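Dear colleague,

Please find below the structure that I am handing over to you. I would be grateful if you read my notes with the model open beside them.

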Amino acid sequence: MKNSTTIIAFITAVALHLIVGGILLMNIEFTLPKDKPKENIINASLVEQKLFDDLAQRKKDKILAEQKKQQAIRQEKERLQKEEALRKQREVQRIKEEKAQAERKREEAERIQAEKIATEKAAKEKAIKEAQEKAAKEKAVKEAQEKAAKEKAIKEAQEKAAKEKAIKEAQEKAAKEKAIKEAQEKAAKEKAVKEAQEKAAKEKAQKEAAEKERLRKAELERLMEDEFAEAFSSAQSAKQLSEIKRYEALIRDKISRNWQVDADMKGKTCTLAIRLAPDGLVLSANKSKGDDKLCASAKRAALKARTLPIPKDPEISLQFRDFDITLDPDL
């Protein structure tokens with residue numbers, strides 16, 4: 001933009017100089033015909049001489065003015081040339097400076113780029129280093145965690161094994177104690193069974209001995225009764241027989257009141273072996289002979305009666321302590 005302005009000014013100045021020069025040339029041509037009168041100055045009058053002098057002076061002044069103008073034009077041209085040279089020099093200098101500046105910029109850009117590359121390289125190396133350190137730290141942490149986890153697993157396994165061992169030992173101890181307890185209980189039970197069996201055997205023996213004694217006494221009593229019967233008169237026997245018959249009838253009546261019979265029992269008989277206590281309490285009632293169903297029913301009736309009439313006469317009552325009685329349902 002600046003160069004264009006300078007060129008336009010230069011062209012304008014040159015055009016002005018050309019125009020001025022043209023005008024001067026025109027004046028010169030206009031005065032050339034007047035140069036011819038110089039040859040006539042010698043012969044002219046003083047007035048005309050003065051006119052010629054003035055014209056000469058004016059011509060001289062014009063020439064001088066033209067010279068000054070040309071000089072001015074030259075000077076202007078030189079000035080313009082100098083300015084052009086200076087401008088070109090400045091342009092060269094500017095270009096040079098621009099090149100230098102561009103070179104500086106390039107160098108600065110290269111420096112910045114180099115610094116950037118160096119910075120990026122350093123940053124990258126730093127990042128790599130930090131990443132390596134981070135990886136190493138994470139690896140160390142991971143290894144520590146794995147080690148801790150492994151130690152924890154080992155500790156838990158040991159604790160578990162110890163706990164299982166303790167549980168097993170406790171179970172074994174409990175089983176052993178249970179076995180001992182069961183053995184003791186078994187031994188105690190066997191001992192109790194044995195003692196019970198011994199007691200039962202003893203009681204059975206006592207009972208058998210008692211029964212044997214009772215039988216012996218009964219036999220003795222029977223023998224005594226036989227002897228007694230033989231010893232007393234037949235009158236006594238008749239009386240006793242009547243009393244016996246009466247009590248047998250009373251006993252049949254009480255049994256009959258507790259006896260439940262069916263129609264199919266009609267015509268059947270049953271003989272029960274009854275044993276009474278001295279107060280008439282029924283100690284036992286068992287079948288001696290007869291129909292099974294009828295005897296079972298008669299037995300229940302005798303036991304249900306609980307007590308049966310027994311004579312107060314000791315001579316007769318002995319016969320009702322253990323006796324057989326034949327029953328038939330009253331149908």
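The notes below cover a disulfide, the nonpolar core and one loop residue.

This is a predicted model, in which local features need pLDDT of at least 70, side-chain atom pairs count only at pLDDT 80 or more, and totals for chains, interfaces and linings use all residues. Residues are numbered from 1 along each chain as its sequence is written, and side-chain values use heavy atoms, with hydrogens and water left out.

A disulfide (a pair of cysteine sulfur atoms within 2.5 Å) joins Cys 270 to Cys 295, with an S to S distance of 2.1 Å. Cys 270 lies in strand β1 and Cys 295 in helix α4, so the bond ties together parts that are 25 residues apart in sequence. Helices (H or I, at least four residues) and strands (E, at least two) are DSSP runs, numbered from the N terminus. The torsion about the S-S bond is about 125°, so this disulfide is right-handed. Cys 270 is buried at 0% relative accessibility, and Cys 295 is buried at 2%. Buried means under 20% relative accessible area, exposed over 50%, and partly exposed in between (1.4 Å probe, protein chains only).

The largest nonpolar core (buried Ala, Val, Leu, Ile, Met, Phe, Trp, Tyr and Cys residues joined through side-chain atoms within 4.5 Å) has 25 residues, of which Ile 255, Ile 274, Leu 308 and Phe 320 touch the most other members. Its largest share, six residues, comes from α4.

Arg 306 lies in the loop between α4 (292-305) and α5 (314-317). Arg 306 has a positive phi of about 65°, although it is not a glycine, and counts as exposed at 57% relative accessibility.

Yours sincerely
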